[in-house]
Amino acid sequence: MVIAVDRGRYTCVTGEGRIVVAMTARELGRGAVVVGDRVGLVGDVSGQEGSLARIVRVEPRESVLRRTADDDDPIERIVVANADQMVIVTSVTDPEPRPRLIDRCLVAAFDAGMDPLLCVTKADLGDPAPLLDRYAPLDTPAVVTSLSDSDVPPRSLDELHGELHGRTSVLVGHSGVGKSTLVNALVPGSDRATGAVNVVTGRGRHTSTSAVALRLPGEGWVIDTPGIRSFGLAHVDPDTFIDAFSDLAEETDACPRGCTHGYQEPECALDDAVAAGRLAPERVESFRRLLSSRERQAGD
Ligand SMILES: Nc1nc2c(ncn2[C@@H]2O[C@H](COP(=O)(O)OP(=O)(O)OP(=O)(O)O)[C@@H](O)[C@H]2O)c(=O)[nH]1
């Protein structure tokens, strides 16, 4: 399994737990291997210092998390392969929660076939309830954490450990929400700032812009990703956005045929549901905003 990628060097962990650094065989092409990939290695797989193996095969992926930098960006990046859970990390404050980014992550998780988990951090700095309430109508599980010095040991991590156990979970979120802090608490000694990437570069600082996978104590993997500002969805058909808004999707059964549920729809059942108090207006607004921000393009 590939656990880190940095400047053409791929850090892999073998079935026996050996760390092997590899390059890719030329015929695989550039960018063919990402963190989370299961690969076939040949050559020097001793893992000894200075050794370099070669990746000659990438096993079929069970899932692929993609994103584009912007909604109109044709270049699609694969963030990780083979993750089965997306942990959407968002802080109560500092930085403020960004529901539109959360919604985008939910759409991306749905598209990739991953189970979403909401992780609300920095609960010591404010009340997580408003954010949790907003997402309560979805069936998305949520955990709350607070890792301040005054809350030692952080009891709340038990619940997160439970949700991550035995799974391959990718953490996504805006820069500064506390992903690295979480990883350091979840994987003792991981020293995220100098983590697996250090093995590759020999440098003291985490300089990679790609994801890094860390083995959880017990069973499972957690994959930390660099903080993101946006989650472009150029690769997702807007007709499927509604599927990630399961609270809204139920109501749209009553919509006229062909209704896109967007701002301009005269008879959309979402408006009736808001008027009747069954849906929060901000949830519908969130969905419509997302829909309108993503103009239709050829191939949708
Ligand atoms: N009060 C409080 N501060 C926290 C908590 N979690 C993280 N922080 C602080 O928030 C800041 C950002 O945390 P990081 O873990 O570096 O955030 P990140 O999401 O990894 O950020 P990027 O590396 O930019 O993606 C640090 O100063 C942490 O000490 C928390 O639960 N409570």
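This report covers the overall fold, the domains, two helices, the ligand shell and two threonines of a predicted model.

**Overall fold**

The protein has 300 residues, of which 39% are buried. Its secondary structure comes to eight helices and 13 strands. Contacts were sorted by sequence distance, counting those with a separation of 6 or more. Of these, 63% join residues 24 or more positions apart.

**Domains**

The domain assignment splits the protein into three parts: domain 1 (2–58), domain 2 (64–224) and domain 3 (238–293). Domain 2 and domain 3 touch each other. Here 13 residues of domain 2 are in contact with eleven residues of domain 3. Which element gives the largest share of the domain 2 side? It is H1, with eight residues. By class, that side of domain 2 holds six nonpolar and seven charged residues, and no polar ones.

**Helix H1**

Helix H1 covers residues 99–112. Its 14 residues should span 20 Å at 1.5 Å a residue, and the end C-alpha atoms are 20 Å apart, so the expected and modelled spans agree. The helix is mostly covered, with ten of its 14 residues buried. Among them are Ile102, Leu106, Val107 and Phe110. The buried set also includes Asp103 and Arg104. Cys105, Ala108, Ala109 and Ala112 belong to it as well.

What do these residues pack against? The partners are strand S6 (64–68), S8, S9, S11 and helix H8 (281–293). Directly after H1 comes Gly113, with a positive phi near 75 degrees.

**Helix H4 and the ligand**

The ligand is surrounded by 18 residues. The closest are Ser175, Gly178, Ser180, Thr181 and Gly227. Polar residues number eleven in this shell, beside four nonpolar and three charged ones. Helix H4 (residues 179–186) supplies the largest share, three residues.

H4 also has a buried set: Lys179, Ser180, Leu182, Val183 and Leu186. These residues are on the same side of H4 because they cover an arc of only 155 degrees around the axis. An α-helix has 3.6 residues a turn, so residues three or four places apart point the same way. Ser180 thus appears in two lists: it is one of the closest residues to the ligand, and it is one of the buried residues of H4.

The buried residues of H4 pack against six elements, listed here.

| Element | Residues |
|---|---|
| Strand S8 | 85–91 |
| Strand S9 | 115–121 |
| Helix H3 | 157–164 |
| Strand S11 | 168–172 |
| Strand S12 | 212–215 |
| Strand S13 | 221–224 |

S8, S9 and S11 appear here and also among the partners of H1.

**Two threonines**

Thr11 lies in strand S2 (residues 9–13). Is Thr11 buried or exposed? It counts as buried because it has 23 C-beta neighbours inside 10 Å, and the cut-off for a buried residue is 20 or more. The C-alpha atoms of Thr11 and Pro60 are separated by 19 Å. Along the chain, these two residues are 49 residues apart.

Thr260 sits in a loop, between helix H6 (246–251) and helix H7 (269–275). It counts as partly exposed because it has 18 C-beta neighbours inside 10 Å. Between the C-alpha atoms of Thr260 and Tyr10 the separation is 44 Å. This pair is 250 residues apart along the chain.

Note on methods: Residues numbered from 1 in each chain as written. Predicted model: local features only at pLDDT ≥ 70, side-chain atom pairs only at ≥ 80, totals over all residues. Near = placed C-beta within 6 Å. Helix = DSSP H or I, 4+ residues; strand = E, 2+ residues; numbered from the N terminus. Nonpolar A, V, L, I, M, F, W, Y, C, P; charged D, E, K, R; others polar. Buried ≥ 20, exposed ≤ 12 C-beta atoms within 10 Å, placed from the backbone. Arc of directions from axis to C-beta. Contact = placed C-beta atoms within 7 Å. Expected span 1.5 Å × (residues − 1). Domains from an automatic or database assignment.
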